Amino acid sequence: MATQSKTLFEQFLAPIFSHLVDRDALLRLRDSIDWEAGVAQFTNPQVVYPNYYKISNFHGIKNGYLTVDAALTYDPITQYVLPPGETWVRESLVKAINGEPRRILDLGCGTGTATLMLKRRFPEAEVMGLDLSPQMLVMANYKAQAAAVDVAFRHGNAMATGLPAASFDVVCATLLFHETPPAVAKTILAEAFRLLTPGGQMLLLDGNQRTLRAADWLSTIFEEPFIREYGQGNVDAWLGYAGFEAVRTEDVFWLNQLSSARKPLPVTEPGATREGAGAESDLPLAQPA
């Protein structure tokens with residue numbers, strides 16, 4: 001019986017990363033953390049993992065983010081796939097936040113890189129990172145403690161966080177939506193809308209959808225399970241359908257895009273409409289692609 005040929009990721013990217021990543025340093029890091037205790041600390045037994053999350057091999061890792069290997073290798077790999085530099089790309093989101101928010105939620109926070117950046121930029125704010133993977137949260141918490149940065153990490157599903165409504169001034173997500181089916185991404189946006197205070201800001205940093213459509217070879221090489229579906233979608237349309245206004249997306253270098261939007265303020269005067277809204281705004285919206 002013929003064996004299945006290696007994927008493009010296995011043939012080309014994995015060997016490159018194996019040379020760039022310091023394996024001895026990763027082994028030392030792995031052995032310095034009590035993973036069993038950490039996972040037990042962060043695991044919320046009430047969290048139900050979506051089927052897509054359990055079976056997808058994100059970043060080419062078997063069993064995806066529900067593994068110690070994923071938590072250990074995420075940062076070393078990510079620094080090489082966000083040209084011209086991971087910090088510059090992530091800072092585009094942090095710098096786009098308006099005003100001085102009191103509470104910030106980082107959905108799909110992973111190993112907490114963006115979460116820590118948010119806290120450093122807004123030291124007086126309460127900053128929370130939420131993720132489906134306890135292993136990733138163990139790594140995020142390790143980094144926060146090592147950096148003496150006071151953030152809270154919570155095990156949860158971004159589609160149904162269980163957090164109070166209207167409890168955050170800013171909700172953001174970094175590199176999350178290209179790893180979710182579009183239906184899940186739209187559900188996450190509906191939950192983010194619920195969590196935001198009126199006038200609150202939504203920020204999404206992810207792969208550039210126009211670039212992904214124009215350069216399909218990127219999707220072929222990286223082989224993320226939902227990246228093609230994400231590239232065929234339209235984050236602006238998804239935000240509008242969720243009820244956000246002032247929707248705007250701009251390029252971040254070439255491979256990424258930053259989308260921002262705002263939860264509308266309540267209408268206080270009878271017959272008043274939101275700025276820029278017309279009579280057609282009351283019509284039902286078609287589900288975006």
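How many bridges join strand E2 (residues 126–131) to E3? Select these two strands in the viewer, bearing in mind that this is a predicted model, and you will find that four bridges join them and that they run parallel. For a particular example, pick Asp131, whose bridge partner in E3 is His155.

**The whole sheet**

Now widen the selection to the open sheet, which is formed by seven strands in the order E3-E2-E1-E4-E5-E7-E6, with mixed pairing. The edge strands are E3 (152–155) and E6, each of which pairs on one side only. If you look along the sheet from one strand to the next, the twist averages 15°. As background, strands of a sheet pair through backbone hydrogen bonds, either parallel or antiparallel.

**Strand E1 and its neighbours**

Select strand E1 (103–107) next, which is mostly covered, since four of its five residues are buried. On one hand E1 pairs with E2 in the parallel sense over five bridges, where Leu107 has Leu130 in E2 as its bridge partner. On the other hand E1 is joined to E4 by four bridges, again with the strands running parallel, and here the bridge partner of Leu105 is Val171 in E4.

**Two helices across the strands**

Add helix H7 (residues 113–121), which lies across E1, E2, E3 and E4 and runs at about 175° to E2. Together, E1, H7 and E2 make a right-handed β-α-β unit, which you can follow by tracing the chain through these three elements. Then add helix H8 (residues 134–146), which lies across E2 and E3 and runs at about 175° to E3.

**The nonpolar core**

Return to Leu105 and show its side chain, together with those of Leu107, Phe153, Val171, Phe177 and Met202, for these residues touch the most other members of the largest nonpolar core, which has 75 residues. Leaving aside residues up to four places away in sequence, Leu105 touches Met128, Leu130, Leu163, Phe168, Val170, Val171, Cys172 and Leu195. In soluble globular proteins, nonpolar side chains tend to be buried together.

**Aromatic rings**

Show the rings of Phe, Tyr and Trp next, among which a search of the whole structure finds ten aromatic pairs. One of them joins Tyr53 and Phe58 in a tilted arrangement, with 5.9 Å from centre to centre and 45° between the planes. Tyr53 counts as buried because its relative accessibility is 7%, under the 20% limit, and Phe58 is also buried, with a relative accessible area of 1%. Another pair, Tyr230 and Trp238, is edge-to-face, at 6.5 Å centre to centre and with 65° between the planes, and both Tyr230 and Trp238 are buried. To see a cluster linked by ring pairs, select Tyr49, Tyr52, Tyr53, Phe58, Tyr65, Tyr74 and Phe226.

**Three places in the backbone**

Finish with the loops, beginning at the peptide bond from Pro83 to Pro84, which is cis, with omega near 0°. Pro84 lies in the loop between helix H5 (68–78) and helix H6 (86–95). Move on to Leu175, in the loop between strand E4 (168–174) and helix H9 (182–195), where phi is near 55°, a positive value in a residue other than glycine. Lastly, select Phe253, in the loop between strand E6 (245–252) and strand E7 (256–262), which has a positive phi of about 60° although it is not a glycine. Is each of these two residues buried, partly exposed or exposed? Leu175 is buried, with a relative accessible area of 10%, whereas Phe253 is partly exposed, with a relative accessible area of 47%.

Technical notes
Residues numbered from 1 in each chain as written. Predicted model: local features only at pLDDT ≥ 70, side-chain atom pairs only at ≥ 80, totals over all residues. Heavy atoms only, no water. Buried < 20%, exposed > 50% of the residue type's maximum accessible area, 1.4 Å probe, protein only. Core = buried A, V, L, I, M, F, W, Y, C linked by side-chain atoms within 4.5 Å. Contact = heavy atoms within 4.5 Å. Pairing = 2+ DSSP bridges. Axes fitted to C-alpha atoms, helices over the stretch in contact; angles between N-to-C directions. Right-handed = clockwise from strand over helix to strand, strands pointing away. Phe/Tyr/Trp six-rings, centres within 6.5 Å; stacked < 30°, edge-to-face > 60°.
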